[in-house]
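Grab a pencil and let's work through a few short exercises together. Have a go at each task before you read its solution.

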Amino acid sequence: GEGFTCVDDVARTAVVALLNAERTGAAEAESMARGTLELVLAMQAEDGRFYNFIREDGSINRDGETSFLDHGWWAARALWSLGAGVRYFHERDPVLADRLGEAAEKLLPWYDRDLERYGEHDGVDGTPVPTWLVKGASDITSEAVLGLLELQQARPTPAGAERIGRLCDGLAELQVRDESSLLHGAHPSTASRPRYWHHWGSRQTMALARAARLLPHHPGRERWLESARLEADRFFRRLLDTHVPEEIDGDEVRPYPQIAYGLNSIVLGALELYRATDERRYLAMALEAASWYVGRNPPRVRMYDEATGRCFDGVIGDDAVNRNSGAESTIEALLALEELHREASPRGGSAAATTDPE
């Protein structure tokens, strides 16, 4: 009821299209990237923040439940696409790259407002938590870091590296380190609930490992890698060995639905750890998580359909699948597959051939 398309989905489509264009040189993918990035640009307000949804008459929804002017979820995804666009078009189309870079720069003061509290902590349920994460949320912060890293690759600056470093410090600090907890190793989704985690959007390990790889001389690198390893080795491993639930709140576990977005958080987190460390056990973990898309799930249903390129919306029970195919589900599946395809070629052979996902 809020509209027919949104920055949340379109920005991620741009990221997938840019990755595909970079890997394959496909003109269709580059064209899709240009079109989706134009929509992202059109949804930014003068103050740098973003609206999310467009109504069917073409107007912007300015007061929806998930479409108000904000620098949170949809803005972080917008930044990821803008940063990826700057990197891709930096030499191919400098004029477009400049437009995308200017839009990204307009958003950054909102992050810097959060970062004014860098080094400060609040006590929540007896736990000291960092106060400088974007909107107080580590999941939103992780997607913002991915966008900042794209910008930093194309146009490196000391200020950009410092901003990324401080956000990554916050991500690394907000982590459960309690052997008796179901969440041991996890990065909680928000600082206000340090014993709560949901699988969708939890790209903290992906962001930390990518930052460690792309900022190899940063003094925080080893701390970020240690934090990413802990989540993968302890929390991801336990999830894959048992059941990847939708959310965990203290000792309470909500098992379903399992969605493409949630599994992709594990796929890309493990894959980035492999890229940062060259340890093949993390590649194996990424492939194990990705096998959910082709049938390694409780009802044993192929969630991704190669013939159409779509992905079902989720596993909703031990023997039940939601066979709708929303934009987010398809985009997240394609993002996982695109990243795995990209990993296959530079290292001499197909990485996917190292295991049988069936």
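Below are four exercises on this predicted model, each with a worked solution.

**Exercise 1. Two helices side by side**

Work out how helix α1 and helix α11 are oriented to each other, and which residues meet.

Step 1: Find the pair. Helix α1 covers residues 7-24 and helix α11 covers residues 327-344. Their axes come within 10 Å and cross at roughly 25°.

Step 2: Turn the angle into a word. Angles under 35 degrees count as roughly parallel, and α1 and α11 are therefore roughly parallel to each other. As for handedness, the crossing of α1 and α11 is left-handed.

Step 3: Look at the side chains. On the α1 side, the residues that meet α11 include Asp 9, Arg 12, Val 16 and Leu 19. In α11, the partners include Glu 328, Ile 331, Leu 335 and Arg 342. Sorting the residues of this contact gives 7 nonpolar, 3 polar and 9 charged.

**Exercise 2. A hairpin**

Describe how β3 and β4 pair, and pick out the residue with a positive phi.

Step 1: Locate the strands. β3 takes in residues 121-124, and β4 takes in residues 127-130. They pair in the antiparallel sense over 4 bridges.

Step 2: Check one pair. His 121 sits opposite Pro 130 in β4.

Step 3: Go to the turn. There are 2 residues between the strands, and Asp 125 takes a positive phi near 55°.

**Exercise 3. A sheet of strands**

Put the strands of the β5-β6-β7 sheet in context: which ones stand at the edges?

Step 1: Read the order. The sheet is open, has 3 strands in the order β5-β6-β7, and its pairing is antiparallel.

Step 2: Find the edges. β5 (196-198) and β7 (252-254) each have a single partner strand, so one side of each is left without a neighbour in the sheet. On average, neighbouring strands here are turned by 10° against each other, direction ignored.

Step 3: Zoom in on one pairing. Strand β6 (residues 247-249) is joined to β7 by 3 bridges, and Asp 249 stands opposite Glu 252 in β7.

**Exercise 4. One arginine**

Is Arg 221 buried or exposed, and what does it touch?

Step 1: Place it. Arg 221 belongs to helix α8 (residues 221-241).

Step 2: Apply the cut-off. Buried means under 20% relative accessible area; Arg 221 has 17%, so Arg 221 is buried.

Step 3: List the contacts. Setting aside neighbours within four places in sequence, Arg 221 is in contact with Ala 212, Leu 215, Pro 216 and Ala 276.

How values were computed
Residues numbered from 1 in each chain as written. Predicted model: local features only at pLDDT ≥ 70, side-chain atom pairs only at ≥ 80, totals over all residues. Heavy atoms only, no water. Axes fitted to C-alpha atoms, helices over the stretch in contact; angles between N-to-C directions. Parallel < 35°, antiparallel > 145°, perpendicular 65-115°, else oblique. Left-handed = near helix turned anticlockwise from the far one by under 90°. Contact = heavy atoms within 4.5 Å. Nonpolar A, V, L, I, M, F, W, Y, C, P; charged D, E, K, R; others polar. Pairing = 2+ DSSP bridges. Buried < 20%, exposed > 50% of the residue type's maximum accessible area, 1.4 Å probe, protein only.
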